[in-house]
Amino acid sequence: MPDLASCTIAFYGVGAMGSAILAALVRGGHPADQVLAVDTSSERLRELAEAYAVRTTSDVAEAAGAADVHVVAVKPGDVPALLDAMAGGLGAGDLVVSVAAGVMSAAIEEHLPDAVAVARVMPNTPALVGQGMAVVSPGSRCGDEALALARSVLEPSGAVLSLPEKHLDAVTGVSGSGPAYAFYLAEAMTEGGVLMGLPRDVATTLTVQTLLGAATMLAEGEDSATILRERVSSPGGTTTAGLAVLDERATRAAVVAAVRAATERSAELGRAR
Ligand SMILES: NC(=O)c1ccc[n+]([C@@H]2O[C@H](COP(=O)([O-])OP(=O)(O)OC[C@H]3O[C@@H](n4cnc5c(N)ncnc54)[C@H](OP(=O)(O)O)[C@@H]3O)[C@@H](O)[C@H]2O)c1
């Protein structure tokens, strides 16, 4: 497998997720003339060409023949027909990286020639701001070099881990759906501030910076969430009073159950495809 820098990368579907990964790749220095955006929407293609100077086409077969790495970022239901249109242009040395939720790598492999390597990815929306969390799982024909190449497509959009595909439903439950849990908490904290008399814009600023600061401490420091929480919870203090209410209302158990429900839903949707 070649290095990413020498590859032409085609993005099939440049909606929210495809365009986020494409944009990060180009901003990260990948030559724009080695990036091909493929979509049914000519308006989306025009926007991307203007914003990033990438090549564009609506011809899937042409893109499949021209690129080395193929990022599949259409809705899960559109994947089989897309793969069938790509298959004729693919062969040895090609890598297909799919971000389609719940579409198993084995199902993707069935549509493609045997020599094509397939990797499956669960990204998340903070990829839009270069702070994504992507987990890459190798398919049955994806060796170490192809896996490294798949990881390098995602690295400009944020953090990347590699895990066996059996973990991708749980990954969906934590990091795939996780941004929405954080937004939900942000909504609730802001609402609380407004209820206590703060102007909404002030409550929003306090909430956003607090979540950003707390996440940065977790990401950059050595201490676990438990230690950091204990450190700001002095006996009889304000934070302890607030946390006691979260405990009384079984918030921890509710979040654990939310991750479980999202994981199970991901598995259920995967079985239905
Ligand atoms: N958004 C997320 O947070 C997120 C997170 C994890 C995984 N994903 C996965 O990412 C994939 C894309 O999601 P999205 O939210 O980015 O969807 P989206 O915004 O709807 O983008 C998909 C794009 O692909 C185009 N398309 C459909 N069929 C095509 C074809 N045969 N050839 C070329 N382009 C085609 C669509 O055009 P039309 O509108 O004309 O159909 C649309 O512009 C999904 O499989 C999803 O499971 C998304």
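The exercises below, each with a worked solution, concern the cavity, a pocket, the salt bridges, the backbone and the surface of a predicted model.

The model is predicted, and local features need pLDDT of at least 70, side-chain atom pairs count only at pLDDT 80 or more, while totals for chains, interfaces and linings use all residues. Residues are numbered from 1 along each chain as its sequence is written, and side-chain values use heavy atoms, with hydrogens and water left out.

**Exercise 1. Determine how many cavities of 30 Å³ or more there are, and describe the lining of the largest cavity.**

Step 1. A cavity is a set of points, on a 1 Å grid over the protein atoms alone, where a 1.4 Å probe fits but cannot get out, whereas a pocket is an open set with protein on both sides within 12 Å along at least five of seven lines; lining residues have an atom within 4 Å of a point. Grid points are joined across faces, edges and corners, and a volume is the space filled by probe spheres set on the points.

Step 2. By this rule the count is one cavity of 30 Å³ or more, and the volume of the largest cavity is about 40 Å³.

Step 3. The lining of the largest cavity consists of Ile21, Pro123, Asn124, Ala127, Gly132, Met133, Ala134, Leu154, Ser157, Gly158 and Ala159. Two or more residues of this lining come from each of β7 (132-138) and β8 (158-162), and β7 provides the largest share, three residues. Helices (H or I, at least four residues) and strands (E, at least two) are here DSSP runs, numbered from the N terminus.

Step 4. By residue class, the lining of the largest cavity has seven nonpolar, four polar and no charged residues, where Ala, Val, Leu, Ile, Met, Phe, Trp, Tyr, Cys and Pro count as nonpolar, Asp, Glu, Lys and Arg as charged, and the others, Gly among them, as polar.

**Exercise 2. Describe the second largest pocket by its volume, its central residues and the make-up of its lining.**

Step 1. The volume of the second largest pocket is about 720 Å³. It is lined by 29 residues, of which Met17, Ala73, Val74, Lys75 and Pro76 are the closest to its centre.

Step 2. The elements giving two or more residues to the lining of this pocket are α1 (16-27) and α7 (168-176), and α1 gives the most, with four residues.

Step 3. The lining of the second largest pocket divides into 16 nonpolar, ten polar and three charged residues.

**Exercise 3. Count the salt bridges, and place the pairs Glu165 and Arg120, Arg231 and Asp223, and Arg265 and Glu268 in the structure.**

Step 1. Side chains of opposite charge can pair when their charged atoms come close. With a salt bridge taken as a side-chain nitrogen of Lys or Arg within 4 Å of a carboxyl oxygen of Asp or Glu, the count comes to eight.

Step 2. One salt bridge joins the side chains of Glu165 and Arg120 at 2.8 Å, N to O. Because Glu165 lies in the loop between β8 and α7 and Arg120 in strand β6 (residues 117-122), the pair ties together parts that are 45 residues apart in sequence. Arg120 is buried, with a relative accessible area of 3%; buried means under 20%, exposed over 50%, and partly exposed in between (1.4 Å probe, protein chains only).

Step 3. Arg231 and Asp223 form a salt bridge of 2.9 Å, N to O, in which Arg231 is exposed at 55% relative accessibility and Asp223 is partly exposed at 29%.

Step 4. Arg265 and Glu268 also meet in a salt bridge, at 2.5 Å, N to O. They are three residues apart in helix α12 and are therefore separated by about one helical turn; Arg265 is partly exposed at 43%, and Glu268 is partly exposed at 41%.

**Exercise 4. Locate Ala53 and Ala250, and state what marks the phi of Ala53 and of Ala250.**

Step 1. Most residues other than glycine have a negative phi.

Step 2. Phi of Ala53 is near 60°, a positive value in a residue other than glycine. Ala53 sits in the loop between α2 (42-52) and β3 (55-57) and is exposed, with a relative accessible area of 55%.

Step 3. Phi of Ala250 is near 55°, likewise a positive value in a residue other than glycine. Ala250 is found in the loop between α11 (238-248) and α12 (251-272), and it is partly exposed at 39% relative accessibility.
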